[in-house]
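Please examine the model below before reading on. The paragraphs that follow move from the whole chain to one part of its fold.

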Amino acid sequence: MGVFDHAEFDNHESLHYFHDVATGLKAIVAVHSTALGPAAGGTRRWVYNNDADALTDVLRLSRGMTYKNAVAGLKFGGGKAVILADDGSPKSPELFRAFGRSVNTLGGKYITAEDVGCSVEDMRYVHEETEFVSGLPQSGGDAGGDPSPWTALGCFQGIEAAVQARLGVDSVKGLRVAVQGVGHVGLYLCRHLHEAGAELFVSDVSSDCLKQVEAEMPVTVVPPADLLFADVDVLAPCALGNILTSATIPKIRAKVIAGGANNQLSTPADGVGLAERDILYAPDYVINAGGIISVAAEYYGNGSEEDVRTDVGRIKDRLKKIFEQARETGRPTHELADELARSIVAAARQ
Ligand code: NAD
């Protein structure tokens, strides 16, 4: 499939394919925009059905990072990497070192970090080959390390804003919340929700992840195919994207959708579909910016954990504004967020 005529091509600045014979590394890095700073966004390691799916994913994810970093007020443009995993092939330090060398060839135009399928440990191997990586272990109260606890904190506080706006309640206490995917972000989010008194429904395709959450708190495990349609107040997608579609939206019973997954809407029309059903959607890249806020503080070396906590706290205020604007204008939340992001990037270009 071509790139310039690809449905997800959005004037991306550059696209880079990497292959390393020795380790089997196959990776694509997409730099969507450097208008606000180096293109930053995590690395996803995933088993894709084919190269075309990987390309679609990296084009969409990198654009999302431009919007996320802009709305969060970070000095980062948007980029993303995908590593094409073979089914069953283990991760290896050599693979991530090879990936680090690939990132290094871009000379700082792209800054990487963790995303689905990658850990802090993997980023340490990347760091052996390049400085252009964040999400590394820190000490002494400095910002950084695994971004997912921060992503989850922002999501939890964003859910509080959303239930306030849609259900008129001040907390999630007693609400039924469905969490799709209990990996890094999903598990941390469940901890916050449980502590705040929510009733939890969870799904995952990994039995290890389910065992972990079940060991920690009472949850009802729902088969992955049913979770989106559970009879709950809040749906918190924390797995992969493309889940809110013309096929799924009519069957969703939650009144609020607010979670950490990137690219939840399959198309912009699906955001309209949610608004028409009076389901309040927290734009994914606004609510899940906690991790990249931590990554930015670590990368620029200018923040403590407490500074990150304060900045992550601002996500809730941004969402409140978007929800308020949506109520006043009757426009879908994703449109308002996209408009805000594009205006920030356009101002930076000028
Ligand atoms: P992760 O790989 O640790 O967790 C994802 C979980 O989803 C895994 O446990 C996986 O088994 C599960 N999953 C996959 N398909 C599923 C399905 N169909 N149904 C149920 N579960 C399924 O990844 P993560 O870091 O927790 O990221 C989760 C989402 O949040 C991703 O979309 C990611 O891009 C986004 N995100 C993550 C961060 C971060 O800080 N890690 C930041 C912003 C956005």
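Twelve helices and twelve strands make up the secondary structure of the protein chain in this predicted model. The radius of gyration of the chain is 19 Å, close to the 20 Å that the globule rule gives for 350 residues, so the chain is as compact as a globular protein of that length. Along the principal axes, the C-alpha trace spans about 55 × 50 × 45 Å.

The burial of residues and the contacts between them may be considered next. Of the 350 residues, 54% count as buried, a class that requires under 20% relative accessible area. Among contacts between residues at least 6 apart in sequence, 66% join residues at least 24 apart.

The surface and the charges complete this view of the whole chain. The accessible surface comes to about 14700 Å², and carbon and sulfur atoms account for 49% of that area. The chain carries 32 positive and 46 negative side chains, and the centres of these two sets lie 3 Å apart.

Within the fold, one sheet deserves a closer look. In which order do the six strands of this open sheet stand? The order is S9-S8-S7-S10-S11-S12, and the pairing is parallel. Strand S9 (219–221) and strand S12 (280–281) stand at the edges; each has a single partner strand, so one side of each is left without a neighbour in the sheet.

At the S9 edge, the partner can be examined in detail. Strand S8, residues 199–203, runs parallel to S9, and three bridges join the two strands. Here Val-202 stands opposite Val-221 in S9.

Technical notes
Residues numbered from 1 in each chain as written. Predicted model: local features only at pLDDT ≥ 70, side-chain atom pairs only at ≥ 80, totals over all residues. Heavy atoms only, no water. Pairing = 2+ DSSP bridges. Helix = DSSP H or I, 4+ residues; strand = E, 2+ residues; numbered from the N terminus. Rg over C-alpha atoms; globule rule 2.2 N^0.38 Å. Buried < 20%, exposed > 50% of the residue type's maximum accessible area, 1.4 Å probe, protein only. Contact = heavy atoms within 4.5 Å. Areas by Shrake-Rupley, 256 points an atom, 1.4 Å probe, with all protein chains shown as cover. Lys, Arg positive; Asp, Glu negative; His and termini not counted. Charge placed at Lys NZ, Arg CZ, Asp CG, Glu CD.
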